[in-house]
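This report considers how a protein meets a strand of DNA, and then turns to a single residue. Please look at the sequence and the structure before reading on.

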Protein chains: 2
Amino acid sequence: MPTIYDVAREAGVSAATVSRVLNGATTVDPAMVARVLTAVRELGYRPNAVARNLRRSRTTLWAVIISDIGNPFFTAMVRGIEDVAQREGYSVVLCNSDEDPVKEETYVAAALSEQMAGVIISSSGSVKAAKTLTGSPVPVVAVDRELPRAVVDTVVVDNEAGARTATEHLLAAGYRRVACITGPEGVSTADLRLRGYTEAMRSSAPAEPVIVRTDFREQGGYDAMASLLSSPEPPDAVFVANNLMTVGALRCLAEREVAVPGRMGLVGFDEIPWADLVHPSLTTVTQPTYELGRTAARLLVDRIATPAAKPARIVLSAELHPRRSSSR
Amino acid sequence: MPTIYDVAREAGVSAATVSRVLNGATTVDPAMVARVLTAVRELGYRPNAVARNLRRSRTTLWAVIISDIGNPFFTAMVRGIEDVAQREGYSVVLCNSDEDPVKEETYVAAALSEQMAGVIISSSGSVKAAKTLTGSPVPVVAVDRELPRAVVDTVVVDNEAGARTATEHLLAAGYRRVACITGPEGVSTADLRLRGYTEAMRSSAPAEPVIVRTDFREQGGYDAMASLLSSPEPPDAVFVANNLMTVGALRCLAEREVAVPGRMGLVGFDEIPWADLVHPSLTTVTQPTYELGRTAARLLVDRIATPAAKPARIVLSAELHPRRSSSR
DNA sequence: CTGAAAGCGCTAACAA
DNA sequence: TTGTTAGCGCTTTCAG
């Protein structure tokens, strides 16, 4: 691979001039610019970004740490991040922590080592990872999930309100024994959606809350629904706190031929791809997913520009989309 | 941020010794190892990977260039890649070209500039990007889609056979006017799946092939199906060459209340998440998606180890999963 | 087993 | 406007 010195020699100028040309300095003689560009083309020169990053002591990479790359919610969010990143000249390194705090810590360490320009994280709950981030000078934005015990730029949806609305919707439809399947303790979305459910139940429900905690995966939702069905007094409706678990729950009901919405009402949080094409179509609490990502990215851009600014906190709203699965 | 010299001073040793300790050299006095590790902890030292990469003139990053991060097929494949990468000590930089050759070229250029250790690419068809890659010393593996006009390590499924099987399946079920919706010209999966369809039609079909080309997106499938439906003699079945387009086609049929499989049979290539839960359940040609990624990653590991080896070509097989949408 | 010193490729003061 | 020079932080010979 040719270096900047090879180009300089070929063009008969100094390395500094080549650097200037390549970085768009306006203070270069047009004749030299032409010579340099010719040399670059002839040698097939490609600047070494590693060297540049070291010299400038900054990179143009963002680490985006999400907890499940297989979840369309996260990929949609990443698209929002990417679009902003690209426009601002950054590249996105996507890190999939797989809901594993240890993997999350590893990725955080790598992001710092690699001198990433910023980190956008949807925490899988590791306090250690959060501490490492806040203890470093790297700009951080929490998205979708709060960063545990940390005050950083944050963009989330109003999980509590969304969950409350979903639960009230089921109660209003005439369901009485409404249960909740939610995610792991310590993950803010799991906890807040559970809280929204509990509030709705406390204030107006004819039955006690029934709660099952599991992971945020499809299999988790399946298992949770199975255990609810085998309980002495099964619920007649379930609010499920994320998309993949909702699909798992639906699959469980389909296999056991439990009529939805007849014998069991179902509402899920998060949009589900082709929720309208599954049978029955799924009532969901939809988030502005792409917007979530875009907003987070913008906060990161701002944070990089003004590191000392007061951390922002943006709450977007979630919206109920009633479909068949909850209409008694 | 403390540097290796700060640690050296704190521990009363040289920077070289710190480096040795941190890189696991066995030729260091245990007493010094202890002093160094203490100093590292006290200062919260974190090695600067950019400097290390420059010095070693290599990185531990892989660029994985895919054409649609919103397509669950690709994310499943990426998981396979990631799992191998992580085990081998690499991190994955996911690049989403969005089926845009220009974006693809940009990412390829970035991967080379950043001195990535390797590239795994599912080409969106850019010959220029392919040329740039093969003209550089970076190890490259093509996955899912061939790299145009290039001989590199490749892992694909048998697209032609899969498409032929799918088409024959529709014909055997009694459909007669079978059409095909496929992707952009120049993308190997689009072209090969089309060829498989055409072969099946030529050899045994009672009607002429009908072909619609569009992009590989959901909307493309929707539009293609709409145009087929409005033609003078609409088909009675369609083979759709990828998952998202299949969903789009199904949505179009659902909106227009065309009975599937009664008035229209449907088979899609690629697995579709919860294909069994949509209505009607979708017949698909399923690929070993995760395996595809894992295999590609292994090829890359081998290629990095022995750059001069003869390029490998691995063809996995795709399998028909008959469900409701094709059963007349 | 340890340290001194060179240099990876680039950019940014500073001189000219 | 251009060139010279000094590092960015690390690893790796080469001496000792």
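The sections below describe a predicted model.

## The surface near DNA strand D

There are 25 residues around DNA strand D, and those that come nearest are Arg20(A), Arg55(A), Ile4(B), Tyr45(B) and Arg55(B). By class, this surface has 11 nonpolar, 7 polar and 7 charged residues. On the DNA side, 57% of the strand D atoms within 4 Å of the protein belong to sugar or phosphate, and the rest belong to bases.

## Polar contacts with the strand

In chain B, a polar backbone atom of Ile4(B) is 2.4 Å from a phosphate oxygen of DNA strand D. Two other residues approach bases: a polar backbone atom of Ala51(B) is 3.3 Å from a base nitrogen, and an N or O atom in the side chain of Arg55(B) is 2.3 Å from a base oxygen.

Several elements give two or more residues to the surface near DNA strand D: α2 (15-22) and α4 (49-56) of chain A, together with α1 (4-11), α2 (15-22) and α4 (49-56) of chain B. The largest share, 4 residues, comes from α4(B).

## The surroundings of Ser281(B)

Ser281(B) lies in the loop between β9 (265-269) and β10 (283-286) of chain B. Is Ser281(B) buried or exposed? Its relative accessible area is 12%, which is under 20%, so Ser281(B) counts as buried.

Beyond its sequence neighbours up to four places away, Ser281(B) touches Ala275(B), Asp276(B), Arg323(B), Arg324(B) and Ser325(B). With Arg324(B) there is also a polar contact: a polar atom of the Ser281(B) side chain lies 3.1 Å from the backbone nitrogen of Arg324(B).

Definitions and conventions
Residues are numbered from 1 along each chain as its sequence is written. Chains are lettered from A and ligands numbered from 1 in the order in which they are written. This is a predicted model: local features need pLDDT of at least 70, side-chain atom pairs count only at pLDDT 80 or more; totals for chains, interfaces and linings use all residues. Side-chain values use heavy atoms; hydrogens and water are left out. A residue is near a molecule or strand if one of its heavy atoms lies within 4 Å of it. A polar contact is a pair of N or O atoms within 3.5 Å; within protein, one must be able to donate a hydrogen and the other to accept it, and residues adjacent in sequence count only if both atoms are side-chain atoms. Ala, Val, Leu, Ile, Met, Phe, Trp, Tyr, Cys and Pro count as nonpolar, Asp, Glu, Lys and Arg as charged, and the others, Gly among them, as polar. Buried means under 20% relative accessible area, exposed over 50%, partly exposed in between (1.4 Å probe, protein chains only). Contact means heavy atoms within 4.5 Å.
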